[in-house]
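Q: I'd like to learn how to read the contact between two copies of a chain. Can you walk me through this one?

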Protein chains: 2
Amino acid sequence: MLPDGCVRAPETRYLSEPRGRWDGLAGAVALPRNTDDVATILRACHTARVAVVPYGGGTGLVGGQITPDGPAPLLLSLERMTAIRAVHPSENVLVAEAGAILTDVQSAAEANGRLFPLSLASEGSARIGGLLATNAGGVNVLRYGNARDLVLGLEAVMPDGSIWHGLKRLRKDNTGYDLRHLLLGSEGTLGVITAASLRLFPRNQSEGAAMLVVTSPKAALDLLALAQEQLSGMISGFELIGGMGLAFLAETMPQVRQPFARAPDWMVLLDLGAPAGVDLATLMERVLTDAMEHGLVTDGLIAQNAAQRAEFWRLRESIPEANRHIGAVSSHDISLPLSELPGFIDRAGPELARIGDFRINCFGHLGDGNLHYNVFPVPGRSRADHEHQRNAIKTCVHDLVHQMGGSVSAEHGIGRLKVADLERYGDPVKLAAMRAIKTALDPAGIMNPGAVLRRV
Amino acid sequence: MLPDGCVRAPETRYLSEPRGRWDGLAGAVALPRNTDDVATILRACHTARVAVVPYGGGTGLVGGQITPDGPAPLLLSLERMTAIRAVHPSENVLVAEAGAILTDVQSAAEANGRLFPLSLASEGSARIGGLLATNAGGVNVLRYGNARDLVLGLEAVMPDGSIWHGLKRLRKDNTGYDLRHLLLGSEGTLGVITAASLRLFPRNQSEGAAMLVVTSPKAALDLLALAQEQLSGMISGFELIGGMGLAFLAETMPQVRQPFARAPDWMVLLDLGAPAGVDLATLMERVLTDAMEHGLVTDGLIAQNAAQRAEFWRLRESIPEANRHIGAVSSHDISLPLSELPGFIDRAGPELARIGDFRINCFGHLGDGNLHYNVFPVPGRSRADHEHQRNAIKTCVHDLVHQMGGSVSAEHGIGRLKVADLERYGDPVKLAAMRAIKTALDPAGIMNPGAVLRRV
């Protein structure tokens with residue numbers, strides 16, 4: 001039903017994922033040119049009962065894009081549907097197709113004097129459809145929300161091949177169940193997002209950043225509260241960096257300049273943005289003075305220009321790379337109620353020490369309560385030495401997170417990696433509702449089977 | 001199964017609604033004391049196939065709380081469940097039961113030095129459960145979002161009586177389908193919200209407001225764009241007021257002081273809030289100067305103190321009351337893509353004139369693209385004179401809104417009043433998905449039957 005070239009044998013790049021945990025299977029890869037092609041493909045797969053795995057940039061970290069076993073599915077890659085269909089600067093709206101790469105969407109917004117604030121490490125290859133289907137997070141959530149909060153409308157193809165024309169550009173629209181939020185974060189298990197109308201924001205005319213040494217994670221949270229009171233609405237990022245992360249950087253990436261002569265145990269990257277006419281430097285100095293008076297901050301550097309601000313962020317963004325050089329035994333994308341965060345950090349270390357000797361690099365989006373809590377071997381040992389403990393480590397961390405009211409997947413989603421976690425920690429009533437919804441919208445069970453919910 | 005007094009004959013106040021369009025039926029009213037009572041009631045109704053209509057403050061304007069025909073349902077009033085279960089100021093979170101009245105939630109936030117920004121005319125009697133079930137809007141949506149955007153977690157009882165314990169306090173939680181957003185805005189047709197964890201914000205330390213005469217609705221939108229560029233994140237409200245609204249005020253409420261000696265055709269109420277240390281007066285003056293230079297604004301008043309700001313808002317909030325004094329033939333809660341708004345206003349008047357002679361009061365939350373577009377008789381005629389034209393008027397307005405990509409229910413919801421509108425204007429694929437979800441989660445069809453979706 002499609003012209004030549006729209007269905008091909010899958011190249012190997014479609015069959016691996018960033019962490020190399022699984023090899024994938026696929027009978028073919030379909031490359032639709034437009035939404036009608038997607039509908040044609042889904043109608044055919046629905047009739048033939050062929051599984052379909054929507055494929056974005058392939059950057060997901062939980063295996064949502066990979067089928068390691070079972071019947072080989074059809075991969076549906078949106079990579080040809082990359083158009084920015086429209087930009088409405090006066091409405092602060094941009095309409096992008098699902099295959100558009102995040103940096104291209106950011107650039108299109110910028111070319112129109114606007115900001116699209118979704119920003120994360122894989123932005124150069126992650127595609128909008130996948131980012132929305134997984135409700136991606138990133139560094140600007142504190143100010144602008146998660147990916148789902150940036151979406152005004154969706155166009156999507158449902159599992160039976162019908163097209164939902166929901167590309168509204170409205171800030172208020174109270175007409176029935178919010179199908180948009182149901183598809184956002186459903187990881188391709190309920191339909192295929194083909195385009196989205198996205199919220200844009202005014203660009204910040206003045207920006208500022210500071211690296212601040214804090215006395216503890218609790219002090220970091222008190223600093224956040226103080227900063228929110230004094231800088232409400234201007235805080236774009238509030239990132240926690242641990243001493244272990246700085247040590248990993250020094251060890252594996254000595255070219256990255258360390259901000260402080262003696263690496264602190266804990267520091268915060270505070271990032272600000274505001275319209276012209278707001279004197280950010282003065283506001284930031286007042287926060288710092290107050291924070292030092294309250295004993296929250298003991299040392300700090302304020303970026304004097306855009307280059308220094310970029311350097312601060314480079315340091316923050318080098319930490320995941322340093323982690324890869326060291327080689328984690330186990331990585332955890334967790335969130336906690338803000339006030340529980342310091343207690344979690346205090347308790348998790350000793351609990352893990354009962355399993356073995358580890359180094360812990362705890363960093364992340366503190367303003368969102370989102371930690372990347374990663375566990376590494378001590379020097380002289382390798383991750384292979386701890387392979388047998390990986391499950392125990394994971395369970396230890398996740399059990400504690402769950403006990404303290406947190407989430408075992410803050411921003412990465414469930415994919416295939418965390419299906420068992422969702423079963424263990426998820427609310428049973430919510431799970432039952434999810435299964436009922438899945439069956440109602442995808443009765444043939446063709447959409448990304450095995451992701452989020454176990455195959456039935 | 002419940003103690004005495006938990007189920008009573010329904011008083012008449014439960015059987016009417018603010019606009020007096022319908023009289024309601026109810027076999028009884030149930031007054032649960034807690035979530036377990038709600039579960040007991042729903043389990044029993046599910047088994048006995050008795051319809052349940054969740055009842056909040058009874059302030060809804062689309063009849064979602066009223067059953068005018070069919071078998072008399074059980075009204076489930078949450079009015080005894082009014083506890084503020086917890087306030088976490090350091091997390092900017094408050095946990096309220098569904099029966100809490102909005103002003104009580106606002107006060108609890110304020111007592112903790114925080115802001116709960118949901119604010120609307122009925123806030124003194126509307127209850128949180130109903131506000132969330134209908135995804136209420138109001139005057140602060142431009143800055144803080146709709147009701148759904150203020151919710152971190154929900155506790156709810158599903159149609160079979162099972163309890164979803166989803167009261168999370170997390171900013172990031174990517175663990176499966178977003179059941180929260182599905183219940184929010186579902187108007188009691190998929191379950192009963194019993195409690196919610198709500199987002200709080202820092203209180204504004206400095207506030208400001210201006211009444212600005214604009215040359216046209218298009219000029220008002222250009223002013224909005226200019227203000228967003230210069231005051232991004234500090235604009236709390238951007239309300240359009242039409243000359244007809246001022247005339248209605250002068251006619252029916254002469255005690256309300258008019259801001260300008262000669263009533264303008266169009267004016268805007270611009271409301272600002274910021275942390276201490278931000279010089280709002282200077283920022284606002286720069287916006288005004290620029291707007292006057294661009295010919296967008298011809299006159300203006302800047303509030304010199306809190307009392308003047310309150311007076312500006314009193315004027316805005318008196319307009320719906322003046323409308324009631326005059327007596328609308330037809331009221332419309334519509335939204336449009338921002339750039340389509342001026343065109344809509346230009347076109348709707350002449351189209352209505354083909355039906356008859358009317359006065360139009362067009363006002364509302366311009367920053368959200370949300371107009372209250374209300375149609376009144378000319379002097380000497382009454383609404384009764386136009387009763388036979390009401391449907392034609394409604395269809396004329398709604399058809400045009402739909403044609404221009406707008407919504408026929410911006411913030412009031414569907415209820416029973418707009419079921420046929422949803423069928424006429426709603427996307428058929430979305431409607432099919434809604435019906436499938438309704439059947440999946442409420443197979444016995446007991447939850448608020450006839451609201452949002454027609455009874456099957």
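A: Sure, and keep in mind that this is a predicted model. Start with the superposition: a turn of 180° and a shift of 0.0 Å along the axis lay chain A on chain B with an RMSD of 0.0 Å. The two copies are thus related as by a two-fold rotation axis.

Q: Which surface does each copy use to meet the other?
A: The copies meet through the same surface, because 100% of the interface residues of chain A are also interface residues in chain B. In numbers, chain A brings 79 residues to the contact and chain B brings 79 residues.

Q: How much area is buried between chain A and chain B?
A: About 6400 Å², with carbon and sulfur atoms giving 57% of that. On the chain A side, Lys172(A), Asn174(A) and Tyr177(A) supply 17% of the area buried against chain B, more than any other three residues.

Q: How many salt bridges cross the interface of chain A and chain B?
A: The rule finds 6. Lys172(A) also turns up here: this residue forms a salt bridge with Glu411(B), and the closest N and O atoms are 2.8 Å apart. As for polar contacts, 42 residue pairs are counted between chain A and chain B.

Q: Which element of chain A gives the most to the side that touches chain B?
A: That's H13(A), with 9 residues. Elements that each supply at least two residues include strand E9 (163-166) and helix H6 (217-231) of chain A.

Q: And what kinds of residues make up the side of chain A that touches chain B?
A: They split into 31 nonpolar, 31 polar and 17 charged.

Methods: Residues are numbered from 1 along each chain as its sequence is written. Chains are lettered from A and ligands numbered from 1 in the order in which they are written. This is a predicted model: local features need pLDDT of at least 70, side-chain atom pairs count only at pLDDT 80 or more; totals for chains, interfaces and linings use all residues. Side-chain values use heavy atoms; hydrogens and water are left out. Contact means heavy atoms within 4.5 Å. Buried area is the accessible area (1.4 Å probe) that two parts lose on being put together, summed over both. A salt bridge is a side-chain nitrogen of Lys or Arg within 4 Å of a carboxyl oxygen of Asp or Glu. A polar contact is a pair of N or O atoms within 3.5 Å; within protein, one must be able to donate a hydrogen and the other to accept it, and residues adjacent in sequence count only if both atoms are side-chain atoms. Helices (H or I, at least four residues) and strands (E, at least two) are DSSP runs, numbered from the N terminus. Ala, Val, Leu, Ile, Met, Phe, Trp, Tyr, Cys and Pro count as nonpolar, Asp, Glu, Lys and Arg as charged, and the others, Gly among them, as polar. Copies are superposed by least squares on the C-alpha atoms of residues with pLDDT of at least 70 in both.
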